[in-house]
Amino acid sequence: MDFIVDLFTGTGIGTALIYICIASFVGVMLGKVGIGKVKLGVAGVLFTGIILAHFGAKVNGDMLHFAQEFGLILFVYAIGIDVGPRFFSTFRSDGLLLNIFAISNVVMGFGIALAIRYIFDVNPAVVTGIMCGAVTNTPGLGAAKQVVNDYNATNPEVLVDGDLLGTGYAVAYPLGVIGIILVMLIVRSVFRIKLSKEVDDYNEALKTGSNRLESVVVKINNPNLYGKTIEYVQNFADKELAFSRIERNGEFLIPEATMTIEEGDIIHGVSDETNVDNLKIKFGELTVGQKREVDGDLVMKRFMITNPKIAGKTIEQLGIYRRYPANITRIYRAGTEVLPTKRTTIEVGDAVRVVGKRAVMNEIRAELGDSISEWSHPNIVPIFLGIAMGLIVGAIPFFIPGLPAPAKLGLAGGPLLVAILLGWKGRIGSMTFYMNSGANMILREMGITLFLACVGLGAGGKFVETIVNGGYMWVLYGAVITILPLLIVGSIARLCKVNYLKICGFMAGSMTDPPALEYANSLSQTHAQSMAYATVYPLTMFLRILLGQTLILITL
C-alpha cells in the first residue's frame, strides 16, 4: 500500500493529476446540488479544491500552473468561437442599449473596487480577486493571475502573492451569485412588476418588431412580370424573398429557372418582415405568416451541412435550384435564421430547409452531407491554429499611461478576441473554424473545470486563515461590488421601460453568470432572458478580462 501513500503525498505529475481529478469530480457533483433554484454549478470545483488544499493536499506548483492556464485558454477559446457568429449583430435593435447598460455595470464595479483599494488600503491582489469573484468572472481572474506572474518575473525584489487572487475570488464568489438574484428580486418588488404582463408585452413586441424569417404568400398582380422567367424574378427580389414553390391553378410547382410567370401565379416563400413593403410594391398582394402543408410530390426536408467540400460556397455556386427541382428556403446558423440569397455562403454546421420533389431529396442529402458521423467529429486542426494565433495576439504589449507595466490581452484575452473574430468570419481560405456544439461544450466545460480546480488547490491552504484574520470584510467589499452597480443600472433600465425579462437577462450576462441566467429563465418560458444574456455576454467578457488586468496593474 506504500504506492498509494506515495501517490497522495508525492510532488510528481501523478499526484497533481489525481488531486485535480478528485477536485473536478467532487466539485461537479457538488455543483449539481441546489438550494431552491440556485446552484453553485461549476464553481463547486473551486470550493472542492480549496477544501482539499486546506486539509493538506500538496500539488506541484509548475504542474498546477500549466493545467490552470491551459484550462483557461480552452474555456475562453470555446466561448469566442460560439459567440463569434452573433457578436456584431448583437448591436442591432435594442442590443446597443442593453450593451450600454452592461458596460455601465462593468465600469461601476471596477470603479468601486478601485475605491475600496485606496480607501481601505486593501492588497492589490486581494481587491482584484474580490472584484472577479463578486462579478463571477473566472477568465478575468485568469488574466489577472497572468499579469501577476509576468510582474513577478520582471520584479523579483517586490513579489506579489498571486494566491491571494484566488482566495479573494473564492471569498466573494458565493455572494456574487446570490447578489445578482437578490437585485432581480429587489427591482421586481420596487417597481411592482407583474411577470405575466412582462411576458405578454415581450410576445407582443416580438410580433410587431421582429426581424425573424416568416412564411409569405405573394399573389403576382404586377403585369410587368407576366411572361418573365423565374430566374429573372429571383434576381429581381433576390435579397428580399427566397422562393419555395409556385401555386398555379391549385397545383404546386417547383420554381425552375426557365419557367415563366403567368397571371394568377402565387409564390410561396420566405422573407423578413422588414421586406414586406418592398415586396408589395414589386409584386402586389402579399400575406405574411400564411402556411400551407407541403404534400403530394413535394416534400420539405431539413439537412445538416457536413460536407466540407461545399463549405464557403454561395447559394448560387452550390446551384441546388438550377440542378434539381428544389430550393433552399431557410438557413439555420448559430441559433439564428438566415435568408438564403444567391450570395449567401453555406458553412459546415449550418442546417438548411429544402423544399422540392421527393425523388431528388436523397441526391441533395448526399451532396450536402447530413452525416451524423461527420457532424459529431470535432474539427481539431483549426482549434490549435486558432489558439496559437490567440496566444500571439495576447502576447502583444500595449502601453496605457499611468500603468507601471504594459498591458496585454494575455492567455485569456488573446484567444478570446481571435476566437470571436474567427467565429464571426467562419473561415480562412479553405479552412473552416466552425466547431459543433458538442465539441464546443466539451472544450468549454473541460477548460473551466481544470482552471477552477487548480485555482482552488492553489489558494486553499490559506483560505480559512484568511477568513479568520479579517477576511470576512472581503465578503462585504464583494457584496458592494456585486449589488450596487446592478441595482443602479437595473433601476435605470426599468425607468427606461426595458422589459423586466430582458433586464434579468442582461444582468446575468453582464456578470457572465450562468447560475443567474438559470434563475432568470425559470421566471418564464420566453427567450427574452437568454437573448439578452447572449447579446451582452461577448463584449462584457472582453471588458471583464481587460479590467481584471488593469486593476491589478494600476494598484501595484
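Is Val 480 buried, partly exposed or exposed? Val 480 is partly exposed, because its relative accessible area is 38%, which falls between the limits of 20% and 50%. The legends below refer to a predicted model.

**Figure 1. Overview of the predicted model.**
The protein contains 22 helices and 13 strands. Of its 556 residues, 53% count as buried. The exposed area is about 25000 Å², and carbon and sulfur atoms supply 61% of that area. Among contacts between residues at least 6 apart in sequence, 79% join residues at least 24 apart. The views that follow take up a surface patch, the nonpolar cores, two buried residues in helices, the salt bridges and the cysteines.

**Figure 2. A nonpolar surface patch that includes Val 480.**
Val 480, Leu 484, Ile 488 and Ile 492 make a nonpolar patch of about 300 Å² on the surface. Val 480 is placed in helix H19, which covers residues 463-495. With a relative accessible area of 38%, Val 480 is over the 30% needed for a patch residue, so this partly exposed side chain can be counted in the patch.

**Figure 3. The nonpolar cores.**
In soluble globular proteins, nonpolar side chains tend to be buried together. The largest nonpolar core of this model has 105 residues. Ile 20, Met 184, Ile 481, Tyr 500, Phe 506 and Met 507 are the residues with the most contacts inside this core. A second core, separate from the largest, has 19 residues, among them Ile 315, Tyr 321, Val 352 and Met 361.

**Figure 4. Contacts of Ile 20.**
Which residues are in contact with Ile 20, leaving aside its neighbours within four places in sequence? They are Leu 64, Ala 67, Leu 450, Ala 453, Cys 454 and Leu 457. Ile 20 is also one of the residues with the most contacts inside the largest nonpolar core.

**Figure 5. Thr 449 in helix H18.**
Thr 449 is located in helix H18, residues 437-459. Its relative accessible area is 11%, so Thr 449 is buried. When residues up to four places away in sequence are not counted, Thr 449 touches Ser 24, Val 28, Val 42 and Val 45.

**Figure 6. Ala 520 in helix H21.**
Helix H21, residues 514-521, holds Ala 520. The relative accessibility of Ala 520 is 0%, and the residue therefore counts as buried. Apart from neighbours within four places in sequence, Ala 520 is in contact with Met 184, Cys 504 and Gln 529. Of these partners, Met 184 is among the residues with the most contacts inside the largest nonpolar core, and Cys 504 is buried, with a relative accessible area of 0%. Ala 520 and Lys 502 are 18 residues apart along the chain, and their C-alpha atoms are separated by 9.3 Å.

**Figure 7. The salt bridge of Lys 197 and Asp 201 within helix H9.**
Side chains of opposite charge can pair when their charged atoms come close. The structure holds six salt bridges. In the one between Lys 197 and Asp 201, the closest N and O atoms are 2.9 Å apart. Both residues lie in helix H9 (residues 195-209), four residues apart, or about one turn of the helix. Lys 197 is partly exposed at a relative accessible area of 48%, and Asp 201 is partly exposed at 33%.

**Figure 8. The salt bridge of Arg 248 and Glu 262.**
The side chains of Arg 248 and Glu 262 form a salt bridge with an N to O distance of 3.5 Å. Arg 248 lies in strand E4 (residues 242-248), while Glu 262 is in the loop between strand E5 (251-253) and strand E6 (266-272), so the pair ties together parts that are 14 residues apart in sequence. Arg 248 counts as buried, at 16% relative accessibility, whereas Glu 262 is partly exposed, with a relative accessible area of 38%.

**Figure 9. The salt bridge of Arg 323 and Glu 367, with a note on a network.**
The closest N and O atoms of the salt bridge between Arg 323 and Glu 367 are 2.5 Å apart. This pair links distant parts of the chain, with Arg 323 in helix H13 (residues 320-323) and Glu 367 in helix H14 (residues 361-368), 44 residues apart. At 43% relative accessibility, Arg 323 counts as partly exposed. Elsewhere, Arg 248, Glu 262 and Asp 265 are joined into one network by salt bridges that share partners.

**Figure 10. Cysteines.**
How many disulfides are counted when the sulfur atoms of a pair must be within 2.5 Å? The count comes to zero. Cys 132 counts as buried, at 2% relative accessibility. Cys 504, a contact of Ala 520, is buried as well, with a relative accessible area of 0%.

Terms used:
Residues are numbered from 1 along each chain as its sequence is written. This is a predicted model: local features need pLDDT of at least 70, side-chain atom pairs count only at pLDDT 80 or more; totals for chains, interfaces and linings use all residues. Side-chain values use heavy atoms; hydrogens and water are left out. Patches are made of residues with over 30% relative accessible area and no salt bridge: like charges are joined within 9 Å, nonpolar side chains (Val, Leu, Ile, Met, Phe, Trp, Tyr) within 5 Å. Accessible areas come from the Shrake-Rupley method with a 1.4 Å probe; for residues, only the protein chains shown count as cover. A salt bridge is a side-chain nitrogen of Lys or Arg within 4 Å of a carboxyl oxygen of Asp or Glu. Helices (H or I, at least four residues) and strands (E, at least two) are DSSP runs, numbered from the N terminus. Buried means under 20% relative accessible area, exposed over 50%, partly exposed in between (1.4 Å probe, protein chains only). A nonpolar core is a set of buried Ala, Val, Leu, Ile, Met, Phe, Trp, Tyr and Cys residues joined through side-chain atoms within 4.5 Å. Contact means heavy atoms within 4.5 Å. A disulfide is a pair of cysteine sulfur atoms within 2.5 Å.
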